[in-house]
Structures are given as structure tokens and as C-alpha cells.
Amino acid sequence: MDAALLLNVEGIKKTILHGGTGELPSFLTGSRVTFHFRTTKCDEERTLIDDSKQAGRPMHVVLGNMFKLEVWETLLASMRIGEVAEFWCDTIHTGLYPILSRSLRQLAEGKDPTGWHVHTCGLANMFAYHTLGYEDLDELQKEPQPLIFVIELLQVEAPSEYQRETWNLTNEERMQAVPILHGEGNRLFKLGRFEEASAKYQEAIICLRKLQTKEKPWEVQWLKLEKMINTLVLNYCQCLLKKGEYYEVLEHTSDVLRHHPGIAKAYYVRARAHAEVWNAAEAQADLEKVVELEPAMRGAVRRELRLLEQRMAEKQEEERLRCRSMLSQGAPAPAPEQTAPQP
């Protein structure tokens with residue numbers, strides 16, 4: 001098919017390259033979707049960024065599992081088994097792709113995708129935060145652009161069709177499991193085991209989101225579950241802060257605040273992420289909002305503001321020293337002494 005199909009989602013166009021079979025699968029929350037993908041730029045050369053077939057393994061996504069590039073769930077939900085389709089996605093959907101791509105590349109290389117960030121201080125830290133370890137991904141992160149995803153849908157497994165412990169629980173058992181997972185996540189966090197803690201928080205969030213689908217949005221029980229989810233999402237973001245995943249923290253906290261602008265902790269966590277990527281004005285604005293919503297947090301906010309001011313002063317000083325060093329290293333060698341020409 002040559003015609004582009006619109007998915008009733010702003011900034012997405014779909015072209016079917018090879019038709020699939022059967023009806024559209026049931027893309028339930030918790031379903032595991034297996035697919036191959038190829039990502040290219042939108043330039044004339046269709047510059048290749050990633051190809052799962054070249055990497056030698058298909059991609060797996062569990063729907064509703066806080067996947068880093070949520071637009072892929074929208075794309076997959078429009079496909080049949082065996083279908084191959086091309087999706088043009090505007091910049092509003094592709095901002096986090098470099099972070100996802102870095103994780104996938106490191107997995108393919110047998111590396112720990114959470115170990116890319118090395119904590120340093122001052123100016124060196126600024127450069128560490130803004131590099132993903134791959135030149136083409138650094139370029140995409142610096143200047144987001146529309147991308148083309150060619151996806152081949154291989155398999156869709158319902159939650160009950162693959163091994164995932166929480167999906168074998170009844171609704172009552174899920175509700176009972178949430179505080180246990182929450183508590184275990186807190187324990188692991190205190191031990192500094194942030195990857196394991198984040199997995200526990202995610203598991204609890206999945207349980208609650210499954211329960212939430214049974215409730216009418218914005219009614220009492222739905223809101224009760226939503227409050228629990230937000231608490232766990234912010235705990236999950238605390239783990240991401242520890243792992244240096246600052247841009248993902250900004251994404252999740254901003255999403256929480258879009259729907260619930262009165263959560264002081266969300267502003268506080270987002271402020272810390274802004275500070276880590278040198279967004280001083282945004283960090284200060286979020287911290288001021290924290291005090292407005294929770295005056296009792298004034299002391300903690302003062303500490304964060306002092307730390308932010310100190311870090312920005314250190315950054316400016318190190319930039320000044322770095323510029324001086326670059327100028328001195330780049331200066332030409334002194335010329336032999338000559339007598340000035342006479343007028």
C-alpha cells in the first residue's frame with residue numbers, strides 16, 4: 001500500500017508495506033508484544049540508526065510497563081500479526097529514542113545498560129550527562145528530529161500466556177501484593193540496590209494499573225488507585241535519579257504533574273533532575289512550587305537551592321578555567337623579538 005494512514009494521533013503517519021493476517025490482536029495491558037524494528041532518519045539517504053535484525057534479536061515490550069518510548073505501544077496496537085508497516089513519527093514522539101537506543105545497543109553488546117553513567121563532578125559531569133556514548137545518539141539527543149520506524153509484528157501474548165507472576169494473581173491478591181512490593185522496593189532502595197528496587201516499584205505499578213482498568217476514571221476508587229500509582233512512580237523516579245537517568249525522570253514527573261499539578265514531591269523530584277542537567281531556572285521554579293504547596297518542606301528546599309547555587313557557581317568557575325586553558329593551549333608560540341617598524 002502506498003497510501004499513508006493516519007492513526008488519529010498527532011504527528012504519526014502509517015504506511016503498510018506488507019499486510020498481516022487475521023483480526024487485530026487484543027492488546028491488553030500486560031500483553032507481551034514481540035517484533036522486529038528498523039529506525040532511520042527522514043533524510044534522503046534514510047540513514048540507518050538501529051535494526052533489530054542486524055542485532056540478531058527481536059524486541060519485546062510489555063504493554064503498560066512504563067516503556068521508555070510509549071509511542072511504540074500506539075504503533076503496535078494498529079498492527080496485525082505478520083504485518084510490516086512504516087511509521088513516520090514527528091519530534092514530539094521521538095525525544096526519548098536516543099535513551100532507548102543506547103540501552104538496546106548496550107544489551108546487544110553484552111553490557112549493563114544501567115551502568116553507562118559515571119559520576120564525576122563539575123564541568124566534567126556536565127559533559128557526562130549529555131553523552132550517551134554513541135556519536136549519532138548524542139546528535140539526536142541534542143537536536144531531536146522526526147524518525148521513521150519500520151516494524152514487523154511477530155507475536156502478541158496475553159498476560160496469561162507467558163510467565164509473569166503478578167498476572168496469575170486475582171484482583172484481591174494483586175491489591176495485597178502492592179504494599180509488599182512497595183515495602184520490598186523501599187528496603188532495596190535503602191540498601192543501594194536501585195535496579196532491583198525499581199523493578200519492585202514497576203511490578204506494583206503494573207498491579208495497580210491492572211486494577212484501575214476495572215474502575216471508572218476519576219471516581220473515588222480510581223482516584224485512590226491513582227494516588228498509590230503516583231507515589232510508586234515517584235519512588236521509581238528516585239531510583240532513576242540514582243542511576244543517572246535524569247531525562248526519563250523529567251518525562252515521568254512531568255506526566256504526573258500534567259494530570260495532578262498539586263503533588264509537591266513530583267516538583268521536588270523533577271527539580272533535582274533539572275539541577276543534574278544544569279536547568280537551573282527550571283529547578284528553581286519547581287523548588288519554589290514545592291514551598292508554595294508544602295511550606296513544611298521549606299528547610300529541604302533551602303538546602304537544595306544552596307546546593308544548586310553552589311553547583312552552578314562551580315560550573316561557571318570551571319567553565320572560566322577551561323576556557324582560559326583552551327586559550328592558553330591554542331595560543332601560537334611567541335614570535336622572535338623584532339624591532340617595531342618606524343613610522
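A residue counts as buried when its relative accessible area is under 20%, as exposed when that area is over 50%, and as partly exposed in between. By this rule Cys89, at 0% relative accessibility, is buried. The structure discussed here is a predicted model, and this report treats its cysteines, salt bridges, aromatic rings and backbone angles in turn.

## Cysteines

The model contains zero disulfides. A disulfide is a covalent bond between the sulfur atoms of two cysteines. For the buried Cys89, the closest cysteine sulfur is that of Cys42, and the separation of 8.9 Å is too far for a bond. The cut-off applied to such a pair of sulfur atoms is 2.5 Å. Seen from the other side, Cys42 has Cys89 as the residue with the closest cysteine sulfur, again at 8.9 Å. The surroundings of the two residues can be stated separately: Cys42 is partly exposed, with a relative accessibility of 34%, whereas Cys89 is buried at 0%.

## Salt bridges

The count of salt bridges comes to 15. Three of these pairs are set out below.

| Pair | N to O distance | Citation |
|---|---|---|
| Glu139 and Lys41 | 3.3 Å | salt bridge |
| Arg193 and Glu196 | 2.8 Å | salt bridge |
| Arg311 and Glu276 | 3.6 Å | salt bridge |

Which elements does the salt bridge between Glu139 and Lys41 tie together? Glu139 belongs to helix α6 (residues 135-142) and Lys41 to strand β3 (residues 32-41), so the contact joins parts that are 98 residues apart in sequence. Of the two partners, Glu139 is partly exposed, with a relative accessible area of 41%, while Lys41 is buried at 13% relative accessibility.

Arg193 and Glu196 meet with a nitrogen to oxygen distance of 2.8 Å. Arg193 is partly exposed at 36% relative accessibility, and Glu196 is likewise partly exposed, at 39%.

In the salt bridge between Arg311 and Glu276, the closest N and O atoms are 3.6 Å apart. This pair links distant parts of the chain, with Arg311 in helix α13 (residues 298-330) and Glu276 in helix α11 (residues 264-276), 35 residues apart. Arg311 is buried at 16% relative accessibility, and Glu276 is partly exposed at 22%. Elsewhere, shared salt-bridge partners join Asp50, Arg105 and Asp136 into one network.

## Aromatic rings and charges over them

How many aromatic pairs does a search of the whole structure find? The search finds eight. One of them is formed by Phe35 and Phe37, a tilted pair with 6.5 Å from centre to centre and 55 degrees between the planes. Both Phe35 and Phe37 are buried.

A second tilted pair consists of Trp72 and Tyr97, whose centres are 6.3 Å apart and whose planes form an angle of 55 degrees. Trp72 is in helix α2 (residues 71-76) and Tyr97 in helix α4 (residues 97-108), so this pair ties together parts that are 25 residues apart in sequence. Trp72 and Tyr97 are both buried.

These four residues also belong to a cluster: ring pairs link Phe35, Phe37, Trp72, Tyr97 and Phe149.

Charged groups also lie over aromatic rings. The charged end of Lys13 is placed over the ring of Trp88, 5.6 Å from the ring centre. Arg105, a member of the salt-bridge network with Asp50 and Asp136, lies over the face of Tyr134 at 5.0 Å from the ring centre.

## Positive phi angles

Two residues other than glycine may be described for their backbone angles. Arg46 is not a glycine, yet has a positive phi of about 50 degrees. Where along the chain is Arg46 found? Arg46 is located in the loop between β3 and β4 (48-51). Arg46 is partly exposed, with a relative accessible area of 38%.

For Trp218, phi is near 75 degrees, again a positive value in a residue other than glycine. Trp218 is placed in the loop between α8 (194-212) and α9 (220-243). With a relative accessibility of 47%, Trp218 is partly exposed.

Notes
Residues are numbered from 1 along each chain as its sequence is written. This is a predicted model: local features need pLDDT of at least 70, side-chain atom pairs count only at pLDDT 80 or more; totals for chains, interfaces and linings use all residues. Side-chain values use heavy atoms; hydrogens and water are left out. A salt bridge is a side-chain nitrogen of Lys or Arg within 4 Å of a carboxyl oxygen of Asp or Glu. Helices (H or I, at least four residues) and strands (E, at least two) are DSSP runs, numbered from the N terminus. Buried means under 20% relative accessible area, exposed over 50%, partly exposed in between (1.4 Å probe, protein chains only). Rings of Phe, Tyr and Trp (its six-membered ring) pair if their centres lie within 6.5 Å; planes under 30 degrees apart count as stacked, over 60 as edge-to-face and the rest as tilted. A charge sits over a ring if NZ of Lys or CZ of Arg is within 6 Å of the ring centre and within 35 degrees of the ring normal.
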